[in-house]
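Welcome! Here are some exercises to work through with the sequence and the 3D view side by side. Try each task before you read its solution.

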Amino acid sequence: GLVAIRGSETNWDWMVNVQLWASSALASTIRLIMPFGWLWDPILDDLVAAVDTIVSHNIEEVSYYKVVTEFVNHLYDVEKFTDLRVTGTSLGGGMAIIVGAQTKANAIAISGPGAVLNRHTLDPP
């Protein structure tokens with residue numbers, strides 16, 4: 001089976017993008033402009049998690065990935081799919097990365113932001 005997640009279309013989608021990926025983008029930008037920014041690499045994901053605690057309640061309200069994760073788990077459990085792939089572009093690509101990691105489905109992201117730095121901010125981690 002294939003689950004395809006669309007990219008950003010509406011203003012609400014762009015707000016979700018900003019809220020979900022802002023802490024990661026901020027940490028990466030600071031790392032790039034600081035002298036010896038590479039020294040932060042080992043703890044960069046922890047810094048992202050710390051920054052994310054400030055806006056975490058807002059992210060809970062717009063967490064598309066939770067709905068898609070529940071849907072994919074439903075397909076595995078109830079519909080008895082044994083081989084699922086999750087794909088998307090832009091916001092959908094980011095969601096595909098998250099959902100794939102949380103459900104162990106194969107994920108293919110096109111122009112999706114990386115979820116590595118955000119891994120400690122997602123529920124479940």
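## Warm-up: two loop residues

K80 is exposed, with a relative accessible area of 60%; here buried means under 20% relative accessible area, exposed over 50% and partly exposed in between, with a 1.4 Å probe and protein chains only. The model is a predicted one, where local features need pLDDT of at least 70 and side-chain atom pairs count only at pLDDT 80 or more, while totals for chains, interfaces and linings use all residues. Residues are numbered from 1 along each chain as its sequence is written, and side-chain values use heavy atoms, with hydrogens and water left out.

**Exercise 1.** Find where K80 and S90 lie, and state the sign of phi for each.

*Solution.*
- Step 1: go to the loop between α4 and β2 (85-89), where K80 is placed.
- Step 2: read its backbone angle; phi of K80 is near 65°, a positive value in a residue other than glycine.
- Step 3: move on to the loop between β2 and α5, which holds S90.
- Step 4: S90 also has a positive phi, about 60°, although it is not a glycine. S90 is partly exposed, at a relative accessible area of 24%.

## The whole chain

**Exercise 2.** How many helices and strands does the chain have, and which pattern do they follow?

*Solution.*
- Step 1: count the elements. The chain has five helices and three strands, taken as DSSP runs numbered from the N terminus (helices: H or I, at least four residues; strands: E, at least two).
- Step 2: read along the sequence to get β-α-α-α-α-β-α-β.
- Step 3: look at burial. Buried residues make up 38% of the 125 residues in the chain.
- Step 4: look at contacts, meaning heavy atoms within 4.5 Å. Among those between residues at least 6 apart in sequence, 63% join residues at least 24 apart.

## Helix α1 against helix α5

**Exercise 3.** Describe how α1 and α5 cross, and list the residues that make the contact.

*Solution.*
- Step 1: recall what is needed. Two packed helices are described by the angle between their axes and the distance between the axes.
- Step 2: take the axes of α1 (residues 11-33) and α5 (residues 91-103), which come within 10 Å and cross at roughly 45°. Axes are lines fitted to C-alpha atoms, for helices over the stretch in contact, and angles run from 0 to 180 degrees between N-to-C directions.
- Step 3: classify the angle. α1 and α5 are therefore oblique to each other; angles under 35 degrees count as roughly parallel, over 145 as roughly antiparallel, 65 to 115 as roughly perpendicular and the rest as oblique.
- Step 4: list the contact: D13, V16, N17, L20 and W21 of α1, with L91, G94, M95 and I98 of α5.
- Step 5: sort these residues into six nonpolar, two polar and one charged. Ala, Val, Leu, Ile, Met, Phe, Trp, Tyr, Cys and Pro count as nonpolar, Asp, Glu, Lys and Arg as charged, and the others, Gly among them, as polar.
- Step 6: zoom in on W21 of helix α1. W21 is buried, with a relative accessible area of 8%, and its C-alpha is 9.7 Å from that of L91, 70 residues apart in sequence.

## Helix α4 against helix α5

**Exercise 4.** At what angle do α4 and α5 pack, and which residues meet?

*Solution.*
- Step 1: find helix α4 (residues 64-77), which packs with α5 at about 50°, their axes 9 Å apart.
- Step 2: that angle makes α4 oblique to α5.
- Step 3: on the α4 side, Y64, Y65, V68, T69, V72, N73 and Y76 take part, meeting L91, M95, I98, V99, Q102 and T103 in α5.
- Step 4: by class, this contact of α4 with α5 has nine nonpolar, four polar and no charged residues.
- Step 5: follow T103, found in helix α5. T103 is buried, at 8% relative accessible area.
- Step 6: leaving aside neighbours within four places in sequence, T103 is in contact with T69, V72, N73 and Y76. The C-alpha atoms of T103 and N73 are separated by 6.6 Å, although their positions lie 30 residues apart along the chain as a separation.

## Back to the loop

**Exercise 5.** Is D83 buried or partly exposed, and which residues does D83 touch?

*Solution.*
- Step 1: place D83 in the loop between α4 and β2.
- Step 2: at 40% relative accessibility, D83 counts as partly exposed.
- Step 3: not counting residues up to four places away in sequence, D83 touches G1 and N106.
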